[in-house]
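Here's a quick look at one strand and its neighbours, plus a pocket elsewhere in the model. Have the structure open while you read.

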Amino acid sequence: MNNFNQCKEIFLDSLKENFSSREIENIFFELLFFKMKWERVDYLLNKNQKPSPKEVSFFENSLEKLSKNIPLQYITGQTIFCNLLIKVNPKVLIPRPETEELVHLILNNHKQDSLKEILDVGTGSGCIIIALKKIFSQTNCTAIDISKDAIRTAKDNAMLNKVEIDFIIKDILEYKNEEKSWDVIVSNPPYIPVSNKKYMHPNVVLNEPSQALFVENEEPLKYYEIISDFACNHLKKNGKIYFEIHEDFANDVVNLLDSKKYFKSSVYKDFQGKKRFVVATKNE
């Protein structure tokens, strides 16, 4: 790599079988900012500069990992979610833009002083509950996950973003707290049927935690059922459940909630026009 312009050209040539040229350029510039703190204008001003040996090593190692379908966010160890820096690793899902919309949906439905208690089920990196705590700073926030590694990452992210959250390592099936109830229960549970794997990008299937992504084909609503049952006993009157969902199962999730006779539910679409969220209000 004689200069940074050549470095970019090597990326474009080496990754053209994996990504579009626009995707490759975006990846390159994200790595450039991560390593050099260069914006695109800095690149234009310095593209003929020769990289140092450490910089060459970083870009070569990153290129090798990208060629093996390792996600960019796992290479840098971080991503931006709701304008917050969130650390990620292969033990937790990489937060998606759709999930940012879930946070905004909660923000739009509640005044900042209206919520006393929020529970995040299956918190993963902690991105949802941390973003909510930043918004609802006076609210008590609790997050639960079955994975010790996920909770460890979530705790690190809470410290990084200077928020206090009660993190609990527990299967929601085994979590009992008869004295506590919540104003909001939010969850982005595993909802992709195993049969969908063949349609997904290898960088997701090969790297992100399967436990957080997939459900058995025969039980696509498994976690919605479990969390809804939990909410029947632990959600306050007029409290709300917020679910991220698979677009193919929107009506099924609504029917499931209707069958509990506690909830009135609505479906919301994401920025791509896909049915992505169900919001249910407890009416008893």
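What follows covers the strand first and the pocket second.

Keep in mind that this is a predicted model. Start with strand 3, residues 117-121: five of its five residues are buried, so the rest of the structure largely encloses it. Side chains in a regular strand alternate between the two faces of the sheet. Here both faces are covered, with Glu117, Leu119 and Val121 buried on one side and Ile118 and Asp120 buried on the other.

Strand 3 also has partners to pair with, and the table sets out two of them.

| Partner of strand 3 | Residues | Sense | Bridges | One bridge pair |
|---|---|---|---|---|
| Strand 4 | 140-145 | parallel | five | isoleucine 118 with cysteine 141 |
| Strand 6 | 182-187 | parallel | four | valine 121 with serine 187 |

How does the chain get from strand 3 to strand 4, and what is the hand of that crossover? The route goes through helix 7 (residues 127-135), and the β-α-β crossover is right-handed.

Now for the pocket. The second largest pocket holds about 240 Å³ of space. Helix 2 (21-36), helix 5 (72-76) and strand 1 (78-81) are the elements that each supply two or more residues to its lining. Among the lining residues are Glu30, Phe33, Phe34 and Lys37, along with Gln73, Thr76 and Gln78; Thr79, Ile80 and Leu85 belong to the lining too. Sorted by class, the lining of this pocket comes out as four nonpolar, four polar and two charged residues.

How values were computed
Residues are numbered from 1 along each chain as its sequence is written. This is a predicted model: local features need pLDDT of at least 70, side-chain atom pairs count only at pLDDT 80 or more; totals for chains, interfaces and linings use all residues. Side-chain values use heavy atoms; hydrogens and water are left out. On a 1 Å grid over the protein atoms alone, a cavity is a set of points where a 1.4 Å probe fits but cannot get out, and a pocket is an open set with protein on both sides within 12 Å along at least five of seven lines; lining residues have an atom within 4 Å of a point. Grid points are joined across faces, edges and corners, and a volume is the space filled by probe spheres set on the points. Ala, Val, Leu, Ile, Met, Phe, Trp, Tyr, Cys and Pro count as nonpolar, Asp, Glu, Lys and Arg as charged, and the others, Gly among them, as polar. Buried means under 20% relative accessible area, exposed over 50%, partly exposed in between (1.4 Å probe, protein chains only). Two strands pair if DSSP finds at least two bridges between them. A crossover is right-handed if, with the strands pointing away from the viewer, the path from the first strand over the helix to the second runs clockwise.
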